[in-house]
Amino acid sequence: MGTTQDTLPDSAEVAQLLRASDAPADRIALQCAQGALTYDALLTQARTLAAALHTRCGEAPHIGVAMTRGPDAFVAMLAILLAGGKCVPIDTSYPLAYQRRAFATAGCTLVLTDAPTDAFECPAHAFDTLAEARAARPLDQPRAGAPGFVLFTSGTTGTPKGVVLELAALIAATRSFGARTQVGAGSVVAQYAGLSFDASVLEFLLAFVHRATLNIVSAAARVEPETLAQELETAAVTHLILPAAVAPYLPLRKSYALQAIIFVGDTLEERVFHDWAAIYPTFNGYGPTEGAICTSLHRVTPGAPVDLGTPLDHVRVRIGGKEDRELLIGGPGIATGYIQNAAQTSARFRPDAEGSVWYHSGDRVRQDPQTGALRFAGRFDFQAKVNGTRIETLALESTLVAVAGIEAAAVLACPGPDGQKFLAAFVASQGAPKTVEAAARTAISDTFPAGHMPSVFTVLPRLPLTRNQKIDRNALLEALGQPNAHLGDDPARAAFLAELRRPDCDETANFFHEGGNSIGAMRLLSALEAQTGRHVAVKDFRAAPTIAGLRALLDEGRDAPIEIMRHQRSGDELPLSVQQNTAWYLHRQDPQSKAYLAEAVHHFSGPLDIDALHDALQDLFDAHEIYRTTFHDRAGVPVQRIHPAHAVSFPRIDAAGTAPEDRETVLQDIIDKHLPGIPDLGKLPLANFALVSFGETEHAFIHQEHHIVHDGWGGSAFTAELLNRYHKRVDPAFDYTLPQPAQYSDFLLTQQAWLTSPAAQAQIDYWRDQLDGAPQSVAIFGKASTAPGFAGGTYGSIFRVRSGARARPPARAWGSRPLPLPPPC
């Protein structure tokens, strides 16, 4: 499946790309909060370091990178490639034992670090103090060798597997990926992934190959969605590759410059895909590390099914076996195997009858009989993706049974109530449960990265067995049950325990020490916000990650902001909002009344381009659905109907020669004649205009519209946008970014959803309590306000403050109500 190019870039093309002579010297290559590197600075530093590495390590070296994620780490990666070597990046947050095993397995002759250390079997040198790097002559040309990467994934025995990827294959994948997602020299690619994740290599090469800018987000942004959103806006990031597990928690309605957002690493609820796709070009990315990091891409269409997409260039896929339906990945772009692991390589990378090698992914897929599209349908083995991290549960089990006192172990990747998986560990032991659990957690934290820690530990005297005397994993899954998500009188405690899937926990227990992780924290706070309407930032919870701390944060927290999701509607006919219902009801009492019309006159002095004004108004009507909306009675139920278009027109009235002192009278006469009102809400337009010219340089633009379209606050926004659009029409160079607004229908649907929330119910309950026993009507202008209408009257009189105060009691006695007004300016 898929059209595949059978050749990869040759060594000369790879060398030319690494040389980067086509990159403008002053273009920003890497940037972060601490500063930026131009392409000239990046290449100078990388070539100097490459010369030092080649002098020390010789031809085709394998060099480790154990550095903090930042510009220096990516300079190091590029230097290793220029030296003709394989780069072996490992996240410094991983256990030291894991790092040692990985670098030893990869056969590293040197490890680049942030600071001097003797922690590894091979020599380690600090990036900024490598002596030869200061004195060496920079490499003029990339060295011949086998540049590429060795990227480690979890192994079934507890020893990580090093996937060998040639740079030529990665360049081919990156070019195809960039073409699909429209990456160019002006793009800003976010660098989000940790260095041990294959996505970090994809991000780096995506920017470098296309001579774009790599924007390295902060460590805080990787665990705090609010911070990530702010940094994406500030840096004007155009391309973001994001773990699917983070997608539900990243604020959607922001001023992002995104031209593509690609969700990877796990399955995701289609609704979330569709929400993003309604606003930004959105992709579902699929691919194991062995399949060139990204094997296929699917462009998401709002409302349409989401599948695995079509393969990138240099990769092809097919389904193996009628029963198994395992996805096989082939082509010249796949990995060459696992380093120093012939058994695993031969098991996973198998030739077919024609000699073509296919990687057996272990992913079960199903194919749409109509479209041929492939969809993920689970795994054959005990490998799982949990919060975007690839985990071999058998490796965890091997580590657990090595712990003294544990006789047997099973680790399951279990589906949570939101569809996201979590790890549950079951161990057989006769020891005290808390002691056994503590020992088990220590063994895993000393051996694996943090994302491998099970959320739940259950200690049993023995594990259930099947008839074949194997661990009965289905019985364990059924016994696990579901957490009680009812928040009760202590929502902080209940939500905390529900996320950890525990019946109880100490008030001061650290969420992250008890099996929680950054994705779990996002999920916990999101659930708590949905239930209570109170917002707690992830960064604040990370500073106080206990039940007591969460309770205090919840008490101090602010009401959660209501995010208006754009492009929500699926049809053209919708109910009315609360505010529209009020305007509709009052209009029905007296359709001829002007009481709910807004009228304004905008005066223009100087030359006026009338055609540009008309076009600006048309642009505004095209941009805002509410100006193309009518209102109707459907069997006693009011509805609004959104029309696809409306041609704007307005009368142009010549009033030249009118004396300045008579203009107000003339304008009022014109309003009465040309804008008599809007009696029918079922016909467009519900906003009328007229242009009155008193001369070549004096004009008045009359604006009349029904309040069901918008209120007074909206009128100010209308005027500002109309004038800005007019200036943009007259002068295309005018500095104005055309808005991409949320539509009124988005507000309506958001309001309807919010009115069913606990926060709305709490407000309703509050006001019911406050108004309990209050009179049903009050006297205004001598009549009770139990019936609508505009009967009554006013009488104007000027009082001094003291006199006005004395006038209030007798006025009330007469059935009138004083309405104080500010003095005229």
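1. Let's start inside this predicted model. The largest nonpolar core holds 84 residues, and the members that touch the most others are L53, L78, L112, F149, F177 and F208. Helix α3, spanning residues 71-82, supplies the largest share of this core, with 10 residues. In soluble globular proteins, nonpolar side chains tend to be buried together.

2. F177 is a handy place to centre your view. Setting aside residues up to four places away in sequence, F177 touches L202, L206, I241, I262, C294, L297 and L312. There is also a second core, separate from the one F177 belongs to, with 53 residues; A235, L268, M522 and L554 are among them.

3. Staying close to this theme, have a look at T174, which sits in helix α6 (residues 167-181). Is T174 buried or exposed? T174 counts as buried because its relative accessibility is 1%, below the 20% cut-off. Beyond its neighbours within four places in sequence, T174 is in contact with L202, L205, L206, V209 and H210. Two of these partners, L202 and L206, also appear in the list of residues that F177 touches.

4. A second threonine is worth a click. T105 belongs to helix α4, which covers residues 96-106. With a relative accessible area of 17%, T105 is buried too. Apart from neighbours within four places in sequence, its contacts are F152, T159, I339 and Q340.

5. Now for the cysteines. How many disulfides does a search of the whole structure find? The search returns 0. Take C87: the nearest cysteine sulfur belongs to C108 and is 8.8 Å away, and C87 is in no disulfide. C87 is buried, at 0% relative accessibility.

6. C122 makes a useful companion case. Why is C122 not bonded to C108? The closest cysteine sulfur to that of C122 is indeed the one in C108, but the two are 5.6 Å apart, which is too far for a bond because a disulfide needs the sulfur atoms within 2.5 Å. C122 also counts as buried, at 14% relative accessibility.

7. Finally, a look at the surface. Y766, W767 and L771 make a nonpolar surface patch of about 370 Å². Y766 lies in helix α23, which runs over residues 758-770. Y766 is partly exposed, because its relative accessible area of 45% falls between the 20% limit for buried and the 50% limit for exposed.

Conventions. Residues are numbered from 1 along each chain as its sequence is written. This is a predicted model: local features need pLDDT of at least 70, side-chain atom pairs count only at pLDDT 80 or more; totals for chains, interfaces and linings use all residues. Side-chain values use heavy atoms; hydrogens and water are left out. Patches are made of residues with over 30% relative accessible area and no salt bridge: like charges are joined within 9 Å, nonpolar side chains (Val, Leu, Ile, Met, Phe, Trp, Tyr) within 5 Å. Accessible areas come from the Shrake-Rupley method with a 1.4 Å probe; for residues, only the protein chains shown count as cover. A salt bridge is a side-chain nitrogen of Lys or Arg within 4 Å of a carboxyl oxygen of Asp or Glu. Helices (H or I, at least four residues) and strands (E, at least two) are DSSP runs, numbered from the N terminus. Buried means under 20% relative accessible area, exposed over 50%, partly exposed in between (1.4 Å probe, protein chains only). A nonpolar core is a set of buried Ala, Val, Leu, Ile, Met, Phe, Trp, Tyr and Cys residues joined through side-chain atoms within 4.5 Å. Contact means heavy atoms within 4.5 Å.
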